[in-house]
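I wanted to go through this fold strand by strand and keep a record of what I looked up. The entries below follow the order in which I checked things.

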Amino acid sequence: MRHPTTRRNVLLGTAAGAALAATAMTAMAPSAAAAPRGGAKGPRIGILLYDGFSMLDPTGPTEVLSRLPDATVTMIAERRGPVRTDTGDAALLADRSLKEVDRLDVLLVPGAGPRGTEGAMGNERLLDWIRAIDRHSNWTTSVCTGALVLAAAGLLDGHEATTHWASASYLQDHFDVTYVPERYVRSGKFVTSAGVSAGVDMSLYLASLLTDEDTARAIQLGVEYDPHPPFDSGNAAEASDELKRRALELLADSEASG
């Protein structure tokens, strides 16, 4: 299966810190005692890992969703153990294998570079598991090109969705999906998000759906998510063709060959 781009090129001192930590621990202790981690009443959230995924895609949402009261967040892959990122420089640990998980309240599928995305889209075992989980999930979500994986599983037919800007045309041309150029898009039980960093936005929105807006706002403050990037260059709709070309070159050049 051809890739959505053109294969490679389209895709605080110490005392102050200790005082802050002590204050945080004191503030959190009462709620931690009242709501133990892993409580049965909280949402069961599973984050799929596959070879070549992009690091922030699962870790950004995990930072948010793991703060939900009584929630459990589990990294899942074809087999237990480390799963390498697209650059090959880091790995995350999958605590469960596909065969060990048959029900989730929330499924999150991250995106990847060309190699990882293509591999996931062509992996029928992975797609079958995604379909099986989706049959019982309350929310099925994606980050970046994870939308392509959901589409390859046939889950997004007739839906609106978003993905990484460089994969937008592929999503529309190869699947019965309407691309919407937003940070995140909800269509029924499906919530998709745009490239990499947009997964944090999506997970905060999802947190509000799983609990309430006040809780989501409190989590956002807790992780101090108030982005003010040094450059105004993160919107593809406002970027020059040369900047887009350079961005895709950097992404392609950083991807490990596998």
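**Entry 1, the β1 pairings.** I looked up the partners of β1 and found that in this predicted model strand β1 (residues 44–48) pairs with strand β2 (residues 72–77) in the parallel sense, over five bridges. For the register I noted that Gly46 stands opposite Thr74 in β2. I then turned to strand β6 (residues 106–109), which also runs parallel to β1 and is joined to it by three bridges. Here Gly46 stands opposite Leu107 in β6, so I wrote down Gly46 as a reference point for both pairings.**Entry 2, burial of β1 and the link to β2.** I asked myself how many of the five residues of β1 are buried. I counted four, and the strand is therefore largely enclosed by the rest of the structure. Following the chain onward, I found that β1, α2 and β2 make a right-handed β-α-β unit.

**Entry 3, helix α2.** I checked the helix of this unit, α2 (residues 56–65), and found that seven of its 10 residues are buried, which means that the helix, too, is largely enclosed by the rest of the structure. I listed the buried residues as Asp57, Pro58, Gly60, Pro61, Thr62, Val64 and Leu65. As a reminder to myself, an α-helix has 3.6 residues a turn, so residues three or four places apart point the same way.

**Entry 4, the surroundings of β11.** I moved on to strand β11 (residues 190–193) and asked which residues lie on each of its faces. Phe190 and Thr192 are on one side, with Val191 and Ser193 on the other, and as all four are buried I recorded both faces as covered. On looking up its partners, I found strand β7 (residues 139–143) running parallel to β11 and joined to it by four bridges, with Ser142 opposite Thr192. Strand β10 (residues 184–187) is likewise joined to β11 by four bridges, but these two strands run antiparallel, and Arg186 stands opposite Val191.

**Entry 5, the β10–β11 turn.** I looked at how β10 leads into β11 and found a hairpin with two residues between the strands. In the turn I noted Gly188, which has a positive phi of about 65°.

**Entry 6, totals.** I closed with values for the whole protein, whose secondary structure comes to nine helices and 11 strands. Of its 258 residues, 46% are buried. The protein exposes about 13,200 Å², and carbon and sulfur atoms supply 52% of that area.

Technical notes:
Residues are numbered from 1 along each chain as its sequence is written. This is a predicted model: local features need pLDDT of at least 70, side-chain atom pairs count only at pLDDT 80 or more; totals for chains, interfaces and linings use all residues. Side-chain values use heavy atoms; hydrogens and water are left out. Buried means under 20% relative accessible area, exposed over 50%, partly exposed in between (1.4 Å probe, protein chains only). Two strands pair if DSSP finds at least two bridges between them. Accessible areas come from the Shrake-Rupley method with a 1.4 Å probe; for residues, only the protein chains shown count as cover. A crossover is right-handed if, with the strands pointing away from the viewer, the path from the first strand over the helix to the second runs clockwise.
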